[in-house]
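User: I'd like to learn how to read charged side chains and pockets in a model. Could you walk me through this one?

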Amino acid sequence: METKGIVIAGVGGQGSLLASKLLGRVLANEGYDIKVSEVHGMSQRGGSVITYVRYGDKVYSPVVQSGEADYLISFEKLEAARYAHLLKKDGIIITNTQRIDPMPVITGAAEYPVDILDELKTKGVHIEAIDALTPAIQAGSAKAVNIVLMGQLAKHFHIDYDKWISALEQTVKPQFVEMNKTAFKLGYDYTDN
């Protein structure tokens with residue numbers, strides 16, 4: 001199998017690292033060779049955090065180069081726009097529709113771009129935009145946005161749902177397993193009306 005690339009882009013504290021661990025675990029359980037690279041920005045201050053996950057028969061580098069990503073999972077709309085250049089022509093962005101203002105917007109030094117996702121769509125980018133915050137809160141925590149997005153991503157893989165749940169149980173702390181299983185199912189079942 002050719003090497004596939006997934007980029008997970010978020011803001012510090014949103015759980016992008018947990019999402020990449022879950023993804024790595026389910027792919028490892030399926031027997032793929034996997035490389036994961038985490039790039040931390042000012043994560044403790046709400047800065048950009050990006051994780052690369054590459055998998056296949058044999059993976060030599062963890063880094064996803066421009067035009068190599070099959071999927072871009074974005075925890076915030078601006079992060080989707082920031083890393084869209086990493087997508088293949090037929091790649092897919094799965095993004096949370098939540099807006100989190102970066103520091104330049106908070107301080108008034110910049111304005112948050114309007115219609116970010118519509119602009120990407122006009123360039124032919126396939127986008128699945130979901131309100132991941134509402135189901136995360138429904139599951140028990142706003143912090144479960146990452147797992148809701150992983151549930152949405154799972155629909156694109158030929159890996160049984162139960163195998164994702166098993167990987168989730170192996171990855172998440174025991175006291176948070178049930179909440180995360182609920183968040184994952186809500187993401188998996190999510191449809192855009």
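Analyst: Happy to, and keep in mind that this is a predicted model. Let's start with Asp189, which is partly exposed at 43% relative accessibility. Its partner Lys185 is also partly exposed, with a relative accessible area of 42%.

User: How far apart are the side chains of Asp189 and Lys185 in their salt bridge, and where do the two residues lie?

Analyst: The general idea is that side chains of opposite charge can pair when their charged atoms come close. Here the N to O distance between Lys185 and Asp189 is 2.5 Å. Both residues sit in helix α8, four residues apart, or about one turn of the helix. Elsewhere, salt bridges with shared partners link Glu2, Asp70 and Lys88 into one network.

User: How many salt bridges does a search of the whole structure find?

Analyst: The search finds nine. Two that are worth reading together involve Asp33: one with Lys35 at 3.5 Å, N to O, and one with Lys58 at 3.8 Å, N to O. Lys58 belongs to the loop between β3 (48–56) and β4, while Asp33 is in strand β2 (residues 33–40), so this pair ties together parts that are 25 residues apart in sequence.

User: Are Asp33, Lys35 and Lys58 buried or exposed?

Analyst: Asp33 is buried, with a relative accessible area of 18%. Lys35 counts as partly exposed at 26%, and Lys58 is partly exposed at 46%.

User: What about a buried charge with no salt bridge, such as Glu76? Which side chain of opposite charge is nearest to Glu76?

Analyst: That is Arg99, 6.1 Å away, whereas a salt bridge needs the nitrogen and oxygen within 4 Å. Glu76 lies in the loop between β4 (69–74) and α2 (77–83). Look next at the backbone: the side chain of Glu76 reaches the backbone nitrogen of Ile100 at 2.9 Å. Leaving aside residues up to four places away in sequence, Glu76 touches several others, including Val11, Thr95, Asn96 and Tyr112.

User: Now for pockets: what is the volume of the largest pocket, and which residues lie nearest its centre?

Analyst: As a general idea, rolling a probe the size of a water molecule over the atoms shows where empty space is left. In this model the largest pocket has a volume of about 340 Å³. Its lining holds 16 residues, with Leu18, Asn146, Val172, Phe176 and Asn180 nearest the centre. Helices α1 (16–29) and α8 (177–189) each supply at least two lining residues, and α1 gives the most, with three.

Notes
Residues numbered from 1 in each chain as written. Predicted model: local features only at pLDDT ≥ 70, side-chain atom pairs only at ≥ 80, totals over all residues. Heavy atoms only, no water. Buried < 20%, exposed > 50% of the residue type's maximum accessible area, 1.4 Å probe, protein only. Lys, Arg positive; Asp, Glu negative; His and termini not counted. Polar contact = N/O pair within 3.5 Å; in protein donor to acceptor, adjacent residues only side chain to side chain. Contact = heavy atoms within 4.5 Å. 1 Å grid on protein atoms, 1.4 Å probe; cavity = no way out; pocket = protein on both sides within 12 Å on 5 of 7 lines; lining within 4 Å. Points joined across faces, edges and corners; volume = space filled by probe spheres on them.
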